[in-house]
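This dialogue takes a newcomer through the reading of one protein model. Please keep the sequence and the structure in view while following the turns.

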Amino acid sequence: MAIAWDEYIERDWRRTGAALGDDYDHLARQLARRGIDIAVVQARAAEFTVAVPSWGVATGGTRFARFPGPGEPRDVFEKLDDCQVINRLVCITPDVSLHIPWDEPEDPAALRAFAADRGLTLGTTNSNTFQDQPGQALSYKFGSLSHTDPSVREQAVAHNLHCMEVGLTLGARAHSVWIGDGGNFPGQQHVRRALDRYLESLRAIYARLPGDWRLFIEHKLYEPAFYSTVLNDWGVSYHCARELGDRAFSLVDFGHHAPNVNIEMIVARLIQFGKLGGFHFNDSQYGDDDLDAGSIKPFQLFLVFNELVAAEEEGVAGFDPCYMLDQSHNVTDPVESLMASAMEVQRAYVQACLVDRAALSACQERNDAIMALAALKQAFTTDVAPILAMARRARGGAVDPIAVYRESRYRQQLANERPAPPTRGAGIV
């Protein structure tokens, strides 16, 4: 579908440019009084990127129901078309994380070329051993990489090796593993042996990891196992990553923790131990709700980036986290939600770049709790929207991406070009 994005973007600039210029100049003067050069901050904002998941542009669902939206992508190529629109407007999402087998390409080389034509790369493969697939020989009902049956474990390992093989052709640089293994009842499984089996399976995967790749393992407190999960928290994840080797890292998903867990401390510890692989950004109110990033706890998101920017500026050895969105869009247009979340994550990064680290360190050294918090709050409460908008403008993006997207009527046109499939049901995608 051909849409004259340049025209819509320029129209948006004519409508908003004057006011944005005033806001930007005002913010520049404010920051200058704090010894901050707004041009330097804008350059850092422009360099920031966060990946979008291929599955994220489809409507999500709960265990109870799924309500497909108009113009949903019907295959991985249409998903990449939607990902291109997101990156065209926000200019910070050039990488797409591919899920296999949901989005497995028949011709990986052709898909890679298709993505490149749209200015996209396919940087990470994600395996799925938490669902049974059509034609699958053995079931994952009672686990996959930690299953009691070695044949099931071998099947799960083989799937991950296949994902990496496909990823090599796609130009991927990392492989991510999340499992739903665990127990729903006390006594259902031998907890220690289950972790031993999981590590045994991971070692078989890690041994075949391409030489310049990284392996990410993702923990989760609960669901679909509601009593115990095999990889239940960051400590177990760190243990497993350390046991595997130098190219294995822990992945932090914002929705995979108990309520009120101090995620920024987990991030700091993983940085300190050299095992922070990256993030799945989302937000949650009660559990793994996968709400849009920054919609519930924006200060927590900022505090996480405070740790990340501190490590970046200190030059911590081996610090190179991957950033990705991972959300389920049940009642919103997925393209809009992904754009909004990408901008919220970028906002938290830029706010963290404004922290006066010398002042903060001085407060910490003299145990001045109030002023230490004030140093963080000064950065967090700074409205950096003009910086984000100007960074997008400089790269040819939209000042107001969602407004431009709606004005283009992209979704309405897709509704005619992509008729909804007849199937309905529960599930993530």
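The turns below treat the sheet, its helices, a helix pair and some loop residues.

Q: What kind of model is this, and how are residues numbered?

A: This is a predicted model, in which local features need pLDDT of at least 70 and side-chain atom pairs count only at pLDDT 80 or more, while totals for chains, interfaces and linings use all residues. Residues are numbered from 1 along each chain as its sequence is written, and side-chain values use heavy atoms, with hydrogens and water left out.

Q: How are the strands of the sheet ordered?

A: Strands of a sheet pair through backbone hydrogen bonds, either parallel or antiparallel. Helices (H or I, at least four residues) and strands (E, at least two) are DSSP runs, numbered from the N terminus, and two strands pair if DSSP finds at least two bridges between them. Here an open sheet of 8 strands follows the order β1-β2-β3-β4-β6-β8-β9-β10, with parallel pairing. Strands β1 (52–53) and β10 (322–325) stand at the edges with a single partner strand each, so one side of each has no neighbour in the sheet.

Q: Which residues are paired across β2, β3, β4 and β6?

A: Strand β2 (residues 95–99) pairs with β3 in the parallel sense over 5 bridges, and valine 96 has leucine 122 of β3 as its bridge partner. Between β3 (residues 121–126) and β4 there are 3 bridges, again parallel; threonine 125 is partnered by histidine 175 in β4. Strand β4 is also joined to β6 (residues 214–218) by 4 bridges in a parallel run, where histidine 175 stands opposite leucine 215.

Q: Which way do the side chains of β4 point?

A: In a regular strand the side chains alternate between the two faces of the sheet. In β4 (residues 174–177), Ala174 and Ser176 point one way, His175 and Val177 point the other way, and all are buried. Buried means under 20% relative accessible area, exposed over 50%, and partly exposed in between (1.4 Å probe, protein chains only).

Q: Which β-α-β units are formed, and of what hand?

A: A crossover is right-handed if, with the strands pointing away from the viewer, the path from the first strand over the helix to the second runs clockwise. One right-handed unit consists of β3, helix α5 (residues 150–170) and β4. Another right-handed unit consists of β8, α8 and β9, and a further right-handed one of β9, helix α9 (residues 298–314) and β10.

Q: How is β9 placed, buried or exposed?

A: In β9, 6 of the 6 residues are buried, so the strand is largely enclosed by the rest of the structure. Strands β8 and β9 run parallel and are joined by 4 bridges, with leucine 251 opposite glycine 278. On the other pairing, β9 and β10 are parallel over 4 bridges, with phenylalanine 279 opposite tyrosine 323.

Q: How do helices α1 and α2 meet?

A: Axes are lines fitted to C-alpha atoms, for helices over the stretch in contact, and angles run from 0 to 180 degrees between N-to-C directions. The axes of α1 (residues 5–33) and α2 (residues 38–47) come within 9 Å and cross at roughly 115 degrees. The two helices are therefore roughly perpendicular (65 to 115 degrees; under 35 is roughly parallel, over 145 roughly antiparallel, and the rest oblique). Contact means heavy atoms within 4.5 Å; Tyr24, Leu27, Ala28 and Leu31 of α1 make it with Ile38, Ala39 and Gln42 of α2.

Q: Where is aspartate 326, and what does it touch?

A: Aspartate 326 lies in the loop between β10 and α10 (334–353) and is buried, with a relative accessible area of 13%. Beyond its neighbours within four places in sequence, aspartate 326 is in contact with residues including Pro53, Asp253, His280 and Asp290.

Q: What is notable in the backbone at glutamate 223?

A: The peptide bond from glutamate 223 to proline 224 is cis, with omega near 10 degrees. Glutamate 223 also has a positive phi of about 75 degrees although it is not a glycine. Glutamate 223 belongs to the loop between β6 and β7 and counts as buried at 18% relative accessibility.
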